[in-house]
Amino acid sequence: MFHSEVSTQREVAERERAALLSSVLHWAVWSRVVWAAWAVAADVAVEDYDTSSRLAHLQQHYEGRVESPLDALLMRLLRGFSHWDGVYFVRIALEGYEFEQVHAFFPLLPLLMALLRNTLLLPLSLFLSPLTLTLLSGVLISNGAFVLAALDLFRLGLEVVKDKRVATLAALLFCIAPSTPHMVAIYSESLYAFLSFRGLLLLTRGHHWAAVAFLSLTSLARSTGWTYGLFFLHRALLCIYRAPYTLRLNVAVREGIKLAVASVCLFLPLWAYQYAAYRMYCVGGPAPEASPWCEHALPDIYRYVQARYWNVGFLRYYTLNNIPNFALAAPVLGISAVALSLYAWSLLASRPEEGDGNDAEAHKKRPEQEGGGFLSNSALLPFMLHWAGLLVICVTVLHVQVSTRFLSATAPLYWAAAAALADRKEKRPDASAWPQRAASPAAASTTTCSGAAVGQLTHGGDAARNPPPRHLLARVAALSLLGMPLPRFAAVAYTLGYAIVGCALFANFYPWT
């Protein structure tokens, strides 16, 4: 009887999860269609502000390869997605790394663009030029990766935050985030977000080596992929701490080996990228005398190029003429600082009493906080520490206005915003009543580090009697926008306004983040 009831509860929970996932999928797809259409309309209606970095030089190179009305039409519609950094990704996908400056852009996105152009899109080469096919492949990859990222952000929210409203609203906010202009365009942000969310989701569910594979790929998409080593370090320490005293040494050795291998995998793509550049410019390249960075004790072309061509470096951006850029970044930086401060205060204030920590039974007696609200959720600790580290990089090293897209793959940013916007007048369902990944009763009562996810829970007994409402996405949006206090409404208006204005300006080559 008991097992039959549990089975029914799990079936109901899985159906509800699938219904919400379908809603998030529809929202993500339609948001891409709407934002892309808006960017194209703005590009067609308004003359570009700056045409100096347009694709004209590439168009001249590929001129005459294919002449068709369809090619001309698609070129006109897609060119707005290749502005700013996008032109570099397109050029790399077509010509490879031709000179030092382009090494500021990592190779994963251009490689995938070239692969898609030369495989699935190859039949279209009868009607479209290589340049148009490359643009099309970049737009498809960026927007396809975004849809996958939105789905994984939703799944990750269910696993970590264990609040269906926050997980759903976070996915919705992700679709209208200030980083929207760059996630629609041929930029690496969407691809990086997908790899990040998928990797963290796999790690949360206990799939260690699959997580290593996905998070290692982030190091080929952006320079900060190595920072995900923090999550593997946190998991290793947690496993060691929760192990019985008599087994702690064995667990420490096992987790230490896994951590070392994961760290090497995270850094290996970055090292390979740096080594290939060193071979190209410092050993047998076209200019053996080459650049000063070749003489450094640790040659680093990425840091050199960022410093020389974009003036990126520690506190270099703190000048009077950059004050407007700090104003552009102030909202996302402010949200980050406030959320991190509140979380730290809440976690310290609600810290359980210290025990001897010498066995797993002592740990099980401590009050867990993983389902008791966003600010008191101890499972968020590595996510918040990672967010804090990225925030420090934003305010000390980067061009500060890029913070909106630099933090675009930071899951707790959306969870924090969603938790603040969620309507708390409704009774919040018990965390155990919301579908989590299936686990045995034994796995639910303890944490294992040899395959099961950290902090897994079983389905609770109220799921069948009080299922989450259907069409939750539309309901959350309505409850969050109607009757919302002015500060919250202003926050949503800022997000939407930033995305709307940003898409129009970006598509027309106006200065933007």
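This is a short chat about helix packing, open and closed spaces, and a disulfide in a predicted model.

User: Let's start with α11 and α12. How do their axes cross?

Analyst: Helix α11 covers residues 229-242 and helix α12 covers residues 248-283. Their axes come within 9 Å and cross at roughly 175°. Angles over 145 degrees count as roughly antiparallel, so α11 is roughly antiparallel to α12.

User: Which residues make the contact?

Analyst: On the α11 side, they include Phe-232, Leu-233, Ala-236 and Ile-240. On the α12 side, Val-251, Ala-252, Leu-259 and Leu-266 are among them. Charged names turn up too, including Arg-235 of α11 and Glu-255 of α12.

User: And by class, what does that contact have?

Analyst: Eleven nonpolar residues, one polar and four charged.

User: Switching topic. What volume does the largest pocket have?

Analyst: About 1600 Å³. It is lined by 47 residues.

User: Which of those are closest to its centre?

Analyst: Ser-223, Tyr-302, Gln-306, Val-312 and Leu-398.

User: Where does the largest share of the lining come from?

Analyst: From α13, which supplies four residues. Helix α13 spans 301-310. At least two residues each also come from α4 (86-95), α12, α14 (323-349) and α17 (403-406). So α12 shows up again: it packs against α11 and helps line this pocket.

User: How do the pocket's lining residues divide by class?

Analyst: Into 28 nonpolar, twelve polar and seven charged.

User: What about closed spaces? How many cavities are there of 30 Å³ or more?

Analyst: The search of the whole structure finds five. The largest cavity has a volume of about 50 Å³.

User: Which residues line that one?

Analyst: Leu-200, Tyr-228, Phe-231, Phe-383, His-386, Ala-409, Thr-410, Ala-411 and Pro-412. Helices α16 (381-396) and α18 (411-421) each supply at least two of the lining residues.

User: And the classes there? How many are nonpolar, polar or charged?

Analyst: Seven are nonpolar and two are polar. None is charged.

User: Last topic, disulfides. How many does the count come to?

Analyst: One. Cys-282 and Cys-294 form it, with their sulfur atoms 1.8 Å apart.

User: Is that link left-handed or right-handed?

Analyst: Left-handed, with -75° about the S-S bond.

User: What does the pair tie together?

Analyst: Cys-282 lies in helix α12, and Cys-294 lies in the loop between α12 and α13. The pair therefore ties together parts that are twelve residues apart in sequence.

Conventions: Residues are numbered from 1 along each chain as its sequence is written. This is a predicted model: local features need pLDDT of at least 70, side-chain atom pairs count only at pLDDT 80 or more; totals for chains, interfaces and linings use all residues. Side-chain values use heavy atoms; hydrogens and water are left out. Axes are lines fitted to C-alpha atoms, for helices over the stretch in contact, and angles run from 0 to 180 degrees between N-to-C directions. Angles under 35 degrees count as roughly parallel, over 145 as roughly antiparallel, 65 to 115 as roughly perpendicular and the rest as oblique. Contact means heavy atoms within 4.5 Å. Ala, Val, Leu, Ile, Met, Phe, Trp, Tyr, Cys and Pro count as nonpolar, Asp, Glu, Lys and Arg as charged, and the others, Gly among them, as polar. On a 1 Å grid over the protein atoms alone, a cavity is a set of points where a 1.4 Å probe fits but cannot get out, and a pocket is an open set with protein on both sides within 12 Å along at least five of seven lines; lining residues have an atom within 4 Å of a point. Grid points are joined across faces, edges and corners, and a volume is the space filled by probe spheres set on the points. A disulfide is a pair of cysteine sulfur atoms within 2.5 Å.
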